[in-house]
Amino acid sequence: GMMRDNVRGVTAVLADGRVVRTVGRPRKDNSGYGLRDLLIGNEGTLGVITEVEVQLHPEPTTSSVALLANDSLTEAVGAARAVQAAGLPLLAAEVVDGQGVARAASALALVAPLPPGTAWMLLIEVADGGIAEAFAPVADAVVAVATTASERDRLWSYREHQTALYA
């Protein structure tokens with residue numbers, strides 16, 4: 001997944017006891033095997049990872065969240081790609097079914113954010129300093145935008161309560 005892109009190197013112990021180390025080495029070029037990727041993606045069958053070097057990113061100072069109403073999954077994916085194309089760091093993009101959003105709103109005593117009959121909700125967050133300009137390409141589908149912490153938390157609550165509701 002996305003974490004793979006942030007792993008700079010690994011140290012692993014193979015089944016025969018040999019240690020393979022890619023920590024501290026230059027990034028992989030186009031020669032030889034990509035041992036780092038092989039070890040990350042093998043689920044422990046090639047060796048046990050004992051050390052991981054990760055690339056850290058500064059925490060974004062402020063972000064914006066938008067809640068979009070979509071009629072299909074294809075439309076939701078297209079909207080997420082349009083926002084991502086704006087070039088700002090994409091922090092999250094999650095799709096939730098419309099019925100689940102309505103149930104979450106009811107359970108939390110919140111106003112249902114989606115128009116009745118909406119099939120899918122896309123919740124998308126970008127690190128943009130809280131200006132929400134990245135949502136301009138999908139403005140026709142935007143139902144709500146949040147730029148403050150309390151507003152962002154409220155929009156995320158529709159998604160975060162899904163697991164508990166389904167359980």
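User: Let's start with Arg36. Buried or exposed?
Analyst: Arg36 counts as buried, with a relative accessibility of 18%. The cut-off for buried is under 20%, so that value qualifies. Keep in mind that this is a predicted model.

User: Okay, and where is Arg36 in the fold?
Analyst: Arg36 belongs to helix H2, which covers residues 35-41.

User: Which residues does Arg36 touch?
Analyst: Leaving out residues up to four places away in sequence, Arg36 touches Arg4, Val7, Arg8, Gly9, Val10 and Thr22. With Val7 there's a polar pairing too: a polar atom of the Arg36 side chain lies 2.7 Å from the backbone oxygen of Val7.

User: What strand runs through residues 7-14?
Analyst: That's strand S1, and seven bridges join S1 to S3, with the two running antiparallel. As one detail of that area, Gly9 stands opposite Glu53 in S3. Gly9 is also one of the residues touched by Arg36.

User: What's the strand order in the sheet with S1?
Analyst: The order is S2-S1-S3, an open sheet of three strands with antiparallel pairing. Strand S2 (19-21) and strand S3 (47-54) are the edge strands, each pairing on one side only. On average, neighbouring strands here are turned by 15° against each other, ignoring direction.

User: Switching topic. How many strands form the sheet that has S5 in it?
Analyst: Four strands form that one, in the order S5-S6-S4-S7. It's an open sheet as well, and the pairing is antiparallel.

User: Why do S5 and S7 each have one side without a neighbour?
Analyst: Strand S5 (90-97) and strand S7 (142-146) stand at the edges and have a single partner strand each, so one side of each has no neighbour in the sheet. The average turn between neighbouring strands of this sheet is 15°, direction ignored.

User: And how do S4 and S6 pair?
Analyst: They pair in the antiparallel sense over seven bridges, with S4 spanning residues 64-70 and S6 spanning residues 120-126. Across that pair, Asn70 stands opposite Trp120 in S6.

User: Which helix packs on this sheet?
Analyst: Helix H3, residues 73-84, packs on the sheet and touches S4, S5 and S6. The direction of H3 makes about 15° with that of S6.

User: Can you pick out a residue in H3 for me?
Analyst: Sure, take Val77, which sits in helix H3. Val77 is partly exposed, at a relative accessible area of 38%. Partly exposed covers values between the 20% and 50% cut-offs, so 38% puts Val77 in that group.

User: How far is Val77 from Leu123?
Analyst: Their C-alpha atoms are separated by 11 Å, and the two residues are 46 residues apart along the chain.

User: Now the loops. What's up with phi of Ala109?
Analyst: Phi of Ala109 is near 60°, a positive value in a residue other than glycine. Ala109 is in the loop between helix H4 (98-107) and S6. Ala109 is exposed, with a relative accessible area of 69%.

User: What about Ala132, what's its phi and where is it?
Analyst: Phi of Ala132 is near 60° too, again positive in a residue other than glycine. Ala132 is found in the loop between S6 and S7.

User: Is Ala132 buried or exposed?
Analyst: Ala132 counts as buried, at 18% relative accessibility. Ala109, on the other hand, is exposed.

Key:
Residues numbered from 1 in each chain as written. Predicted model: local features only at pLDDT ≥ 70, side-chain atom pairs only at ≥ 80, totals over all residues. Heavy atoms only, no water. Pairing = 2+ DSSP bridges. Axes fitted to C-alpha atoms, helices over the stretch in contact; angles between N-to-C directions. Contact = heavy atoms within 4.5 Å. Buried < 20%, exposed > 50% of the residue type's maximum accessible area, 1.4 Å probe, protein only. Polar contact = N/O pair within 3.5 Å; in protein donor to acceptor, adjacent residues only side chain to side chain.
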